[in-house]
Amino acid sequence: MFRKILTVLAGLLLLLVIAATATFAYTSHVWDSPVPAPLPPISADGSPAALERGAALFHSTCEVCHRGPGSATASGAPVTDVPAFLGTFHAPNLTRHPQAVLASYSDAELARLIRYGIDRNEHHLLMPTYGMGDADVAALLGFLRSADPLFHPDARPSPRSELSTLGRAVLVLAGAADTPERPAQGIPVPEKRASKEYGRYLATQVFDCVGCHSPGFGPQDPEAEDAFIGGFEFQDPSGAPIVSRNLTPHPTGLAHYSPSDLDRALRSGLRPDGSALSPPMPLFRGLEEIEVAALYTYLQSLPARAAAEGGATSRRPSPPSHERPEARFASLGCGACHGPGAHHASALAHVSEKTPEELARWIRHPERTLPGTPMPSYAAVLDEAAALELATWIRDGAARNGRLRDGTVRNSGSVD
């Protein structure tokens, strides 16, 4: 009897191996096969209004991946917040260097890449796709083709992203290899007003809020039962999970958010309690007030659904005005970006070169020095005196006694 059981188990194991091998072979073939997607007949719009719109779109949707820490140009960077089992990912160089992407792509090819995620060789590219209207695509192309310093020629190489065998299987089975059903041209941009329609357009077609704030790896249907409930899992530099939060008007989501709370979260990067939003959540500084209002109207119109497991975010108390600088560094969430191994940990190595006043101005309004920076603007929760106190503590620690080294506070009660 025991021998028969072993024989049956061995047979089942063999069948599983055969099924897995066939699945991996099929999904690799599907992912690597050419995809005949149409070339949208859209040209770059270089008008002043379009360049302003294109800059807002780029800073909100593209810059977070295509400009690395400390880089002044969109010269590409490793994408570190994707689970490692999917493969290795690197956002390509978008500068005007002859070897970069922009030099070899036509406007139509870039429009196809944006709308369908298909490269000039008709293969899948590992990036989100956007169903934004023709005018917005033209504006984004205009900004990409502009003389903005972000695109100053930079020779930094862009290693090719490589999906693992398991990554191919996961994405193909989840539907990520399916070409989005969008027309090549004729997609309108809704009227810009504080309406549910315009908010839906921004949340689903421009900023892809539904993609990051819904569970699963495949394309997300905004009308699905699990849309916007959070639960998509990223990872921080240590490999620990970061789970996207619920955006529906449920107590585990945005039920307690006011319009001004959402405005501060999107345009300043701060939660209602004053702490920083966790990476990889981008900042949307280029949003207009009417666009924030439209997003609020749309998100509040969604069915109130409980957060996916792990998707709710706790509300920490606001840091009191008398809080010590080292505690404030922690409560404001600075360690998420400047902690050990974090994306911007190395930035603290150079703070001793700045005066406390310069650092304080940067902490309160970093966007005035470096437009498009992912650094939150803390002016709403730190007055000049509190910012100066925090800046002095950071600078003195880095310069003199080793309390800050590469983003690590090395003392009792430290941020680590």
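The legends below describe three close-up views of a predicted model.

**View 1. The second largest pocket and its lining residues in the predicted model.** The second largest pocket, with a volume of about 170 Å³, is lined by Glu357, Ala360, Arg361, Arg364, His365, Arg368, Thr369, Glu384 and Leu388. Three helices, α14 (356–364), α15 (366–369) and α16 (384–401), each supply at least two residues of this lining, and the largest share, four residues, comes from α14. Sorted by class, the lining of the second largest pocket consists of five charged, two polar and two nonpolar residues.

**View 2. The crossing of helices α2 and α6.** Two packed helices are described by the angle between their axes and the distance between the axes. Here the axes of α2 (residues 48–61) and α6 (residues 134–144) come within 7 Å and cross at roughly 85 degrees, which makes α2 roughly perpendicular to α6. On the α2 side the contact is formed by Ala50, Leu51, Arg53, Gly54, Ala55, Leu57, Phe58 and His59, and these residues meet Asp136, Ala139, Leu140, Gly142, Phe143 and Leu144 in α6. Nine nonpolar, three polar and two charged residues make up the contact of α2 with α6.

**View 3. The surroundings of helix α6.** Helix α6 is mostly covered, since ten of its eleven residues are buried, namely Asp134, Asp136, Val137, Ala138, Ala139, Leu140, Leu141, Gly142, Phe143 and Leu144. The elements that cover the buried residues of α6 include α2, α4 (101–104), α5 (107–116) and α8 (196–206). Among the buried residues of α6, Asp136, Ala139, Leu140, Gly142, Phe143 and Leu144 also take part in the contact with α2.

Terms used: Residues numbered from 1 in each chain as written. Predicted model: local features only at pLDDT ≥ 70, side-chain atom pairs only at ≥ 80, totals over all residues. Heavy atoms only, no water. 1 Å grid on protein atoms, 1.4 Å probe; cavity = no way out; pocket = protein on both sides within 12 Å on 5 of 7 lines; lining within 4 Å. Points joined across faces, edges and corners; volume = space filled by probe spheres on them. Nonpolar A, V, L, I, M, F, W, Y, C, P; charged D, E, K, R; others polar. Axes fitted to C-alpha atoms, helices over the stretch in contact; angles between N-to-C directions. Parallel < 35°, antiparallel > 145°, perpendicular 65-115°, else oblique. Contact = heavy atoms within 4.5 Å. Buried < 20%, exposed > 50% of the residue type's maximum accessible area, 1.4 Å probe, protein only.
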